Amino acid sequence: MIDWYEPDEDSYTLLDVLADERIRDKTVVDLGSSTGFLAQGLRGNIVVSVDLNMKALRHHTGGNLVRADLLGPIKQQAVDVVVFNPPYVPDTDDPVIGGGMRGRRVIDRFIDSVDVKVFYLLVIEVNRPMEVMECLRQRGYETTVCRVRKILGETIYVLRGEKQIP
Ligand SMILES: C[S@@+](CC[C@H](N)C(=O)[O-])C[C@H]1O[C@@H](n2cnc3c(N)ncnc32)[C@H](O)[C@@H]1O
């Protein structure tokens, strides 16, 4: 088991997307922040960093830190954007990276509980991105693929979800 997550190709991909999206003057939750790598792509916003892993938060470089399971204690109506690079690795339950079967254990819980206006969610091919998008559509989100990046042995997708007004 690793103590906390260090930035990797997935982190860099999501950071690139955030730079392109030019998110400014928003209240943003960096969910699964680890030590705060993605915060550099969120300058100009109010950022709340949430992670379940206390060791990561102790080494976090920013402020507004919340130890929580997903968005549990967060008042989602007060949040503009959530950014989430989840634990997506299949067939492991490692609390830092493990997503259990098809890597969907935490992703599916996020889908079932998200209620913000806009989010960016990173998934990989084995998580079945199209199925994830369909689940999000059923939850009232229009979802687009912002970025697809092939890395060694894996394909990363960054999805953007926007809540549809009923
Ligand atoms: C793939 S890492 C991403 C780290 C960082 N955001 C990045 O992009 O480099 C996943 C992060 O999610 C955190 N995490 C796992 N399960 C969580 C949960 N239920 N609620 C909040 N954070 C969780 C892990 O501790 C880990 O820091």
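In the predicted model, strand β5 pairs with strand β7 (residues 154-163) in the antiparallel sense, and the pairing runs over seven bridges. Within this pairing, Y120 of β5 has R160 in β7 as its bridge partner. Strand β5 also pairs with β4, here in the parallel sense and over four bridges, and V82 stands opposite F119 of β5. The connection between the two parallel strands involves a helix, in that β4, α3 and β5 together make a right-handed β-α-β unit.

The surroundings of β5 (residues 118-124) were examined through the accessibility of its residues. Seven of the seven residues of the strand are buried, so β5 is largely enclosed by the rest of the structure. In a regular strand, side chains alternate between the two faces of the sheet. In β5, V118, Y120, L122 and I124 point one way, whereas F119, L121 and V123 point the other way, and the residues of both sets are all buried. Y120, whose bridge partner in β7 is R160, thus belongs to the former set, while F119, which has V82 opposite, belongs to the latter.

Salt bridges were then considered, of which a search of the whole structure finds 14. One of them joins the side chains of D3 and K55, with an N to O distance of 3.3 Å. This pair links distant parts of the chain, since D3 lies in the segment before α1 and K55 in helix α2, 52 residues apart. With a relative accessible area of 40%, D3 is partly exposed, and K55, at 41% relative accessibility, likewise counts as partly exposed.

A further salt bridge is formed by the side chains of R109 and D69, at 2.6 Å from N to O. Here too the pair links distant parts of the chain, R109 being placed in helix α3 and D69 in the loop between β3 (65-67) and β4 (81-84), 40 residues apart. R109 counts as partly exposed at 37% relative accessibility, and D69 is partly exposed with a relative accessible area of 36%. The helix that carries R109 is also the helix of the β-α-β unit with β4 and β5.

By contrast with these links between distant parts of the chain, the salt bridge between R137 and E134, whose closest N and O atoms are 2.9 Å apart, is contained in helix α4 (residues 129-138), where the two residues are three residues apart, or about one turn of the helix. R137 counts as exposed, at 52% relative accessibility, because the cut-off for that class is over 50%, whereas E134 is partly exposed with a relative accessible area of 32%. In addition, R102, R104, D108, R128 and E131 are joined into one network by salt bridges that share partners.

The search for open space in the model returned a largest pocket with a volume of about 650 Å³. Its lining is made up of 39 residues, among which G32, D51, P87, P95 and V96 lie nearest the centre of the pocket. Two or more lining residues are given by each of the elements α1 (9-21), β1 (27-31), β2 (46-51), α2 (54-58) and α3 (105-113). The largest share, three residues, comes from α3, the helix that also holds R109 of the salt bridge to D69. By residue class, the lining divides into 21 nonpolar, nine polar and nine charged residues.

How values were computed: Residues numbered from 1 in each chain as written. Predicted model: local features only at pLDDT ≥ 70, side-chain atom pairs only at ≥ 80, totals over all residues. Heavy atoms only, no water. 1 Å grid on protein atoms, 1.4 Å probe; cavity = no way out; pocket = protein on both sides within 12 Å on 5 of 7 lines; lining within 4 Å. Points joined across faces, edges and corners; volume = space filled by probe spheres on them. Nonpolar A, V, L, I, M, F, W, Y, C, P; charged D, E, K, R; others polar. Salt bridge = Lys/Arg side-chain N within 4 Å of Asp/Glu carboxyl O. Buried < 20%, exposed > 50% of the residue type's maximum accessible area, 1.4 Å probe, protein only. Pairing = 2+ DSSP bridges. Right-handed = clockwise from strand over helix to strand, strands pointing away.
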